[in-house]
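Here is a protein chain to look around in. Take a moment with the sequence and the model, and then we'll walk through some of the details together.

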Amino acid sequence: METFERIFENNEHWVAEKLSHDPAYFEKLSQGQHPDFLYIGCSDSRVTAEDLMGVQPGEVFIHRNIANMVVSIDLNVMSVINYAVRHLKVKHIIVCGHYSCGGIKAAMQHADLGILNPWLRNIRDVYRMHKNELNAIEDESARYDRLVELNVQEQCINVIKLAAIQEAHRERGITVHGWVFDIHTGKLIDLKIDFPKILEDIMEIYRLD
């Protein structure tokens, strides 16, 4: 059976399994969503938020793009964040990168990748900001992995710069987290982003109230 056809067969099994545990499962699911988490991750097909977090449909609002970027002129990610924060009232925002990220590796190479160039330039900007640290790492794989971590950190800062986040933090204590998924072990790594300190440090420039 072709993979495409098998997807629909898998769906039938999935529906049957859910209904066997709870006959009203889909009726409840259709009544709306109330997730506590917004997850901003990479589009990589090996990294799925629900699986690595062990959560069910309705528990996490998800946005994915190449290298888990939060770019201020990207209306897609900006709309997702705004909706999650101001309408769904999520309590936590997670930016999650992963080791062996193709987007990160591409950004560290000298190659013209056409339409991807403007997107990768945002990652290269992170590289430029941390060039001295990264260039001091001799092992190429370790250098890529460190840029994965630094990119997560900078994307968390980009989230914290947003008016909706600053407002939600004042009003109800929303928190931003930076994670990395170790694709070699399956483990989630909390980078322990110091959200209150970063917020305090950038307020002189980025305060929007």
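Where is the place of Asp182? You'll find Asp182 in strand S4, which covers residues 175-182. Before going on, a word on what you're looking at: this is a predicted model, where local features need pLDDT of at least 70, side-chain atom pairs count only at pLDDT 80 or more, and totals for chains, interfaces and linings use all residues. Residues are numbered from 1 along each chain as its sequence is written, and side-chain values use heavy atoms, with hydrogens and water left out.

**The overall picture**

The chain's secondary structure comes to 10 helices and five strands; helices (H or I, at least four residues) and strands (E, at least two) are DSSP runs, numbered from the N terminus. Along the principal axes, the C-alpha atoms fill a box of roughly 55 × 45 × 30 Å. Out of 209 residues, 39% count as buried. Here buried means under 20% relative accessible area, exposed means over 50%, and partly exposed is in between (1.4 Å probe, protein chains only). About 12,300 Å² of the chain is exposed, and carbon and sulfur atoms supply 52% of that. Such areas come from the Shrake-Rupley method with a 1.4 Å probe, and for residues only the protein chains shown count as cover.

Contact means heavy atoms within 4.5 Å. Among contacts between residues at least 6 apart in sequence, 64% join residues at least 24 apart.

**Inside the chain**

In soluble globular proteins, nonpolar side chains tend to be buried together. A nonpolar core is a set of buried Ala, Val, Leu, Ile, Met, Phe, Trp, Tyr and Cys residues joined through side-chain atoms within 4.5 Å. The largest one here has 50 residues, and Leu38, Ile81, Val85, Ile93, Val159 and Ile165 touch the most other members. Helix H8 (residues 140-160) gives the most to this core, with nine residues. Apart from it lies another core of 11 residues, including Ala49, Val55, Cys96 and Phe181.

Ile81 makes a good stop: leaving out residues up to four places away in sequence, Ile81 touches Leu38, Ile40, Val70, Val159, Leu162 and Ile165.

**Back to strand S4**

Asp182 is buried yet has no salt bridge, and the nearest side chain of opposite charge, Lys187, is 9.7 Å away. For that check, Lys and Arg count as positive and Asp and Glu as negative, while His and the chain ends are not counted. Not counting residues up to four places away in sequence, Asp182 touches Tyr99, Lys187 and Ile189.

His177 has its place in strand S4 too. At 22% relative accessibility, His177 counts as partly exposed. With the same sequence neighbors left out (up to four places away), His177 touches His92, Ile93, Ile94, Val95 and Cys156.

**Charged pairs**

A salt bridge is a side-chain nitrogen of Lys or Arg within 4 Å of a carboxyl oxygen of Asp or Glu. By this rule the count comes to eight, and the table has some of them.

| Pair | Closest N to O |
|---|---|
| Lys28 and Asp22 | 3.0 Å |
| Lys91 and Asp36 | 4.0 Å |
| Arg128 and Asp125 | 3.9 Å |

Lys91 lies in the loop between H4 and S3 and Asp36 in the loop between helix H2 (25-29) and strand S1 (37-42), so the pair ties together parts that are 55 residues apart in sequence. Arg128 and Asp125 are three residues apart in helix H6, which puts about one helical turn between them. Arg128 is exposed at 57% relative accessible area, while Asp125 is partly exposed at 30%. Glu133, Arg146 and Glu149 are linked in a network of salt bridges.

**Two loop residues with positive phi**

Most residues other than glycine have a negative phi. Ala67 has a phi near 70°, a positive value, and sits in the loop between strand S2 (60-65) and helix H4 (75-86). At 1% relative accessibility, Ala67 counts as buried. Ser100 has a positive phi of about 60° and is found in the loop between strand S3 (92-98) and H5. Ser100 is partly exposed, with a relative accessible area of 36%.
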